[in-house]
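Trainee: I have a model open and want to go through it with you. Can we take it question by question?

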Amino acid sequence: MDISINEVQTVRERLQQESRNGNDNADSYLKNGYMLSTYKNLKVRQYKGKRVVDLAIGSVALIFCLILFPFIALGIKLSSRGPIFFKQKRTGQNGVIFTCYKFRTMRCSTKRTPNGRPDITVEGDDRIFPFGRLLRLLNLDELPQIINVLKGDMSLVGPRPYPVEECSFWNSTFDDFFYRYAVKPGITGFSQVKGYRGGTYSVEHMRKRTDYDLIYVQKNTFLMDLYIIMKTVTKMINLDTNAH
């Protein structure tokens with residue numbers, strides 16, 4: 001499952017053609033840096049049965065989450081004042097905004113906006129409390145997003161959803177960035193298992209991450225999802241998540 005430049009170019013060309021059709025709609029309006037019609041013209045690129053897989057595995061994962069919840073909630077409360085859950089507006093399929101759920105891993109503090117750039121969690125961020133850092137290392141902070149999967153906002157596997165401001169930032173950097181939203185965002189994704197995850201301002205890093213996401217948009221299948229899920233679990237067990 002290595003990346004091919006030709007494959008990335010192919011999916012770009014296909015999506016570009018789709019997004020050009022109908023963009024002269026006078027009722028269109030800007031959303032996250034792009035015309036709403038641009039998102040709506042993207043065809044759904046999702047294999048048949050993906051929703052069934054999400055519901056089946058998501059239901060089992062929810063039980064696992066409920067078992068761990070008391071221990072995680074206690075750890076968060078003992079580590080930092082504030083709510084157990086963190087809620088954030090993120091960009092989903094076709095540019096639709098939804099509320100994403102996570103276990104809170106950072107102290108409740110003032111939002112940072114360095115040099116007009118979006119506020120992201122960087123490596124060594126002093127807002128992360130120790131127990132929160134452990135949750136991030138094990139990817140357990142993402143467990144509440146199972147709720148988003150069951151609600152239909154997300155899938156188990158897909159390009160990671162970014163906060164609205166961060167999405168707008170990268171939309172203005174890459175002209176093909178929003179093509180990631182031709183499929184539902186996921187709790188884990190192809191770029192994540194390839195080691196590209198976590199907040200970054202690096203254009204080179206985000207370019208590579210976006211390329212892997214575009215490959216997933218083009219190639220997503222049941223077997224690919226199964227591979228990504230198994231790879232994610234393996235990385236969690238080996239503490240090889242590149243989390244920060």
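**Core, charges and surface**

Mentor: Start with the packing, and keep in mind that this is a predicted model. The largest nonpolar core has 28 residues. Those that touch the most other members are Ile-72, Ile-76, Phe-103, Leu-143, Phe-190, Tyr-216 and Ile-228.

Trainee: Which helices and strands each supply at least two residues of this core?

Mentor: Two strands do so, S4 (97-103) and S5 (155-157). The helices are H3 (50-79), H5 (145-151), H7 (190-193), H8 (203-219) and H9.

Trainee: Which residues does Ile-228 touch, not counting residues up to four places away in sequence?

Mentor: Ile-228 is among the core residues that touch the most other members. Leaving out residues up to four places away in sequence, its contacts are Val-157, Thr-188, Gly-189, Phe-190, Val-193 and Tyr-216.

Trainee: Which residues does the second, separate core include?

Mentor: That core has seven residues. Included are Tyr-162, Phe-174, Phe-177 and Tyr-181.

Trainee: How many helices and strands does the protein chain have, and what share of its residues count as buried?

Mentor: The chain has nine helices and six strands. It runs to 244 residues. The share that counts as buried is 47%.

Trainee: What share of the contacts with a separation of 6 or more comes from residues 24 or more positions apart?

Mentor: Take the contacts in the protein chain with a separation of 6 or more. Pairs 24 or more positions apart account for 72%.

Trainee: Now charges. How many salt bridges does the structure hold, and which residues are linked with Asp-141 in a network?

Mentor: The structure holds ten salt bridges. Asp-141 pairs with Lys-102, with the closest N and O atoms 3.1 Å apart. The network around them links Asp-141 with Lys-102, Glu-142 and Arg-160.

Trainee: Why does the pair of Asp-141 and Lys-102 tie together parts apart in sequence?

Mentor: Both residues are buried. Lys-102 belongs to strand S4, while Asp-141 sits in the loop between helix H4 (130-137) and H5, so the bridge joins parts of the chain that are 39 residues apart in sequence.

Trainee: Where do Asp-211 and Arg-207 lie, and is Asp-211 buried or exposed?

Mentor: Their side chains meet in a salt bridge, 2.8 Å from N to O. Both lie in helix H8, four residues apart, about one turn of the helix. At 9% relative accessible area, under the 20% cut-off, Asp-211 is buried.

Trainee: Which residue meets Asp-153 in a salt bridge?

Mentor: Asp-153 is partly exposed, with a relative accessible area of 22%. The N to O distance in the bridge is 3.7 Å. The partner is Lys-151.

Trainee: How many disulfides does a search of the whole structure find?

Mentor: A disulfide is a covalent bond between the sulfur atoms of two cysteines. Cys-100 is buried, at 1% relative accessible area. Cys-108 is exposed, at 55%. The search of the whole structure gives zero.

Trainee: Which residues form the nonpolar patch on the surface with Met-230?

Mentor: Met-230 lies in helix H9 (residues 222-237). Its relative accessible area is 53%, over the 50% cut-off, so Met-230 counts as exposed. The patch has about 410 Å² of accessible area together. Its other members are Phe-222, Leu-223 and Leu-226.

Trainee: How much of the area that the protein chain exposes do carbon and sulfur atoms supply?

Mentor: The chain exposes about 12100 Å². Carbon and sulfur atoms supply 58% of it.

Trainee: How many Å apart in space are Lys-194 and Lys-208?

Mentor: Lys-194 is in the loop between H7 and H8. It is partly exposed, at 25% relative accessible area. In sequence, Lys-194 and Lys-208 are 14 residues apart. From C-alpha to C-alpha they are 9.9 Å apart.

Trainee: Last, the backbone. What is phi of Asn-139, and what is phi of Asn-94?

Mentor: Most residues other than glycine have a negative phi. Asn-139, in the loop between H4 and H5, is buried at 13% relative accessible area. Asn-94 is in the loop between strand S3 (85-91) and S4. Phi is positive in both: about 65° for Asn-139 and near 60° for Asn-94.

Conventions. Residues are numbered from 1 along each chain as its sequence is written. This is a predicted model: local features need pLDDT of at least 70, side-chain atom pairs count only at pLDDT 80 or more; totals for chains, interfaces and linings use all residues. Side-chain values use heavy atoms; hydrogens and water are left out. Patches are made of residues with over 30% relative accessible area and no salt bridge: like charges are joined within 9 Å, nonpolar side chains (Val, Leu, Ile, Met, Phe, Trp, Tyr) within 5 Å. Accessible areas come from the Shrake-Rupley method with a 1.4 Å probe; for residues, only the protein chains shown count as cover. A salt bridge is a side-chain nitrogen of Lys or Arg within 4 Å of a carboxyl oxygen of Asp or Glu. Buried means under 20% relative accessible area, exposed over 50%, partly exposed in between (1.4 Å probe, protein chains only). A nonpolar core is a set of buried Ala, Val, Leu, Ile, Met, Phe, Trp, Tyr and Cys residues joined through side-chain atoms within 4.5 Å. Contact means heavy atoms within 4.5 Å. A disulfide is a pair of cysteine sulfur atoms within 2.5 Å.
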